[in-house]
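Trainee: I would like to take a close look at a single part of this protein, the largest pocket, and to understand what surrounds it. Could you guide me through it slowly, beginning with the chain as a whole?

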Amino acid sequence: MTLTTTGRPRRDGPGPQRRPRTRTAALRRLGRLGRLRRRSGAAPTPATARTRAGRQLHGGPLTYAVLAVFTAGSLFPLVWTAVTASRDNMRLAKTPPPFWFGTRLAENAGTAWTEANMGLALLNTLFVAGTVALGTVLFCTVAGFAFAKLKFRFSGALLLLTIGTMMVPPQLSVVPLFMVIADLKWTDQLQSVVLPTLVSAFGVFFMRQYLLEALPGELVEAARVDGASSLRIIWHVVFPVARPAMAVLAMLSFVQAWNDFFWPIIALTQENPTVQVALTGLGRGYVPDQAVIMAGALLGTLPLLLAFTLFGKQIVGGIMRGAVKG
């Protein structure tokens with residue numbers, strides 16, 4: 001044992017090692033946590049902690065009032081259509097108009113079904129809308145992938161040209177498009193409505209923007225290294241990643257094709273109509289029967305309501321999964 005400059009003895013051999021400061025600080029925090037737990041009572045379990053962290057926010061009366069107003073405003077056109085479809089034309093002409101359902105809904109719906117040939121119209125519209133939605137999803141996804149992840153010459157100029165077509169009013173292309181359809185002998189045939197709408201500039205831009213963020217470039221490069229062809233990459237890599245956006249685009253394309261009126265009324269006739277073209281046949285006559293027209297509109301709307309009722313959860317779930325992944 002030796003003496004230090006201060007006169008205190010110093011051990012020559014190795015003395016006891018000090019604990020690291022980090023460990024000491026951790027022990028102090030644990031001690032404080034223990035004291036806090038003893039003061040507050042039993043410690044929360046992991047399940048309780050997760051419940052507290054995922055606690056849902058509840059809206060007040062004002063929130064429910066605003067939601068009720070918006071819900072009523074959204075449902076009013078559909079309810080009013082059903083009310084007018086269940087009355088007769090004489091009652092609809094009186095003031096005030098009826099605000100509750102009548103007893104002639106089945107009769108007016110049968111008249112509209114017969115006069116407008118709604119059976120054939122619904123089948124034609126289902127074929128047209130389904131084909132347009134399927135073609136739009138497939139072609140726009142492939143084109144969006146090419147613009148988003150592939151490098152080729154003039155890609156920027158081609159993308160600007162594609163987006164620029166959205167600024168052209170569709171009325172300007174009616175005359176040349178009808179001349180092409182007439183030369184091909186496609187008037188009053190469903191392909192004249194399907195083929196011009198198989199690809200949309202909005203769909204290409206929408207899928208391109210989605211794939212820019214959702215599809216990593218390293219995933220495509222890894223598939224290339226493994227020897228996958230372009231078609232295999234699109235089928236096994238691009239389509240699974242783009243599934244949520246494809247569901248949204250398919251829904252929008254289906255609804256737009258189902259409700260399209262401007263071009264089908266030019267290319268088709270009452271002999272081979274879609275729903276929107278068939279409804280124009282109900283308004284003929286000196287005094288159009290408004291109740292029958294509303295019954296036909298209700299028949300044309302029911303398939304869309306049925307589709308949203310059956311597949312609404314899948315569509316919303318796909319949108320939410322895409323939002324989380326993005």
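Trainee: To begin with, what percentage of the contacts in the chain with a separation of 6 or more is accounted for by residues 24 or more positions apart?

Mentor: Please keep in mind throughout that this is a predicted model. Among the contacts in the chain with a separation of 6 or more, 68% are made by residues 24 or more positions apart. The chain itself has 326 residues, of which 28% count as buried, and its elements are 16 helices and two strands.

With that background we can turn to the largest pocket, which has a volume of about 1,100 Å³. Its lining is made up of 31 residues, and those that lie nearest its centre are Pro170, Pro196, Thr197, Ser200 and Gln256. The elements that each give two or more residues to this lining are helix H6 (118-149), helix H8 (174-183), helix H10 (201-214), helix H13 (243-259) and helix H14 (262-267). If you sort the lining residues by kind, you find 20 nonpolar, ten polar and one charged.

Helix H13 deserves particular attention here, since the largest share of the lining, six residues, comes from H13. H13 has 17 residues and reaches 24 Å from its first C-alpha to its last, which is close to the 24 Å expected at 1.5 Å a residue. Along H13, the buried residues are Pro244, Ala245, Met246, Val248, Leu249, Ser253, Ala257 and Trp258. Another contributor to the lining is H10, whose 14 residues reach 20 Å from the first C-alpha to the last, again close to the expected 20 Å. In H10, the buried residues are Ala201, Gly203, Val204, Met207, Arg208, Tyr210, Leu211 and Ala214.

Some of the helices around the pocket also take part in the packing of the chain. In soluble globular proteins, nonpolar side chains tend to be buried together. The largest nonpolar core here has 29 residues, and Met118 and Val275 touch the most other members. At least two residues of this core are supplied by each of several helices, including H6, H8, H13 and H14, and the largest share, six residues, comes from H6. A second, separate core of 25 residues includes Cys140, Ala242, Met246 and Leu249. Returning to Met118, and leaving aside residues up to four places away in sequence, its contacts are Ala112, Trp113, Val275, Ala278, Leu279, Gly296, Leu299 and Gly300.

It is also worth following the chain into a loop, where leucine 190 lies between H8 and H9. Leucine 190 counts as buried because its relative accessibility is 13%, and the cut-off for being buried is under 20%. Not counting residues up to four places away in sequence, leucine 190 touches Asn124, Phe127, Val128, Leu268 and Asn272. Its C-alpha atom is separated by 9.2 Å from that of threonine 125, although the two residues are 65 residues apart along the chain.

A second loop residue makes a useful companion to leucine 190. Serine 86, in the loop between helix H3 (61-85) and helix H4 (89-92), is buried as well, with a relative accessible area of 2%. With residues up to four places away in sequence again left out, serine 86 touches Phe101, Gly102, Thr103, Arg104, Leu105 and Asn108.

Note on methods:
Residues numbered from 1 in each chain as written. Predicted model: local features only at pLDDT ≥ 70, side-chain atom pairs only at ≥ 80, totals over all residues. Heavy atoms only, no water. 1 Å grid on protein atoms, 1.4 Å probe; cavity = no way out; pocket = protein on both sides within 12 Å on 5 of 7 lines; lining within 4 Å. Points joined across faces, edges and corners; volume = space filled by probe spheres on them. Helix = DSSP H or I, 4+ residues; strand = E, 2+ residues; numbered from the N terminus. Nonpolar A, V, L, I, M, F, W, Y, C, P; charged D, E, K, R; others polar. Expected span 1.5 Å × (residues − 1). Buried < 20%, exposed > 50% of the residue type's maximum accessible area, 1.4 Å probe, protein only. Core = buried A, V, L, I, M, F, W, Y, C linked by side-chain atoms within 4.5 Å. Contact = heavy atoms within 4.5 Å.
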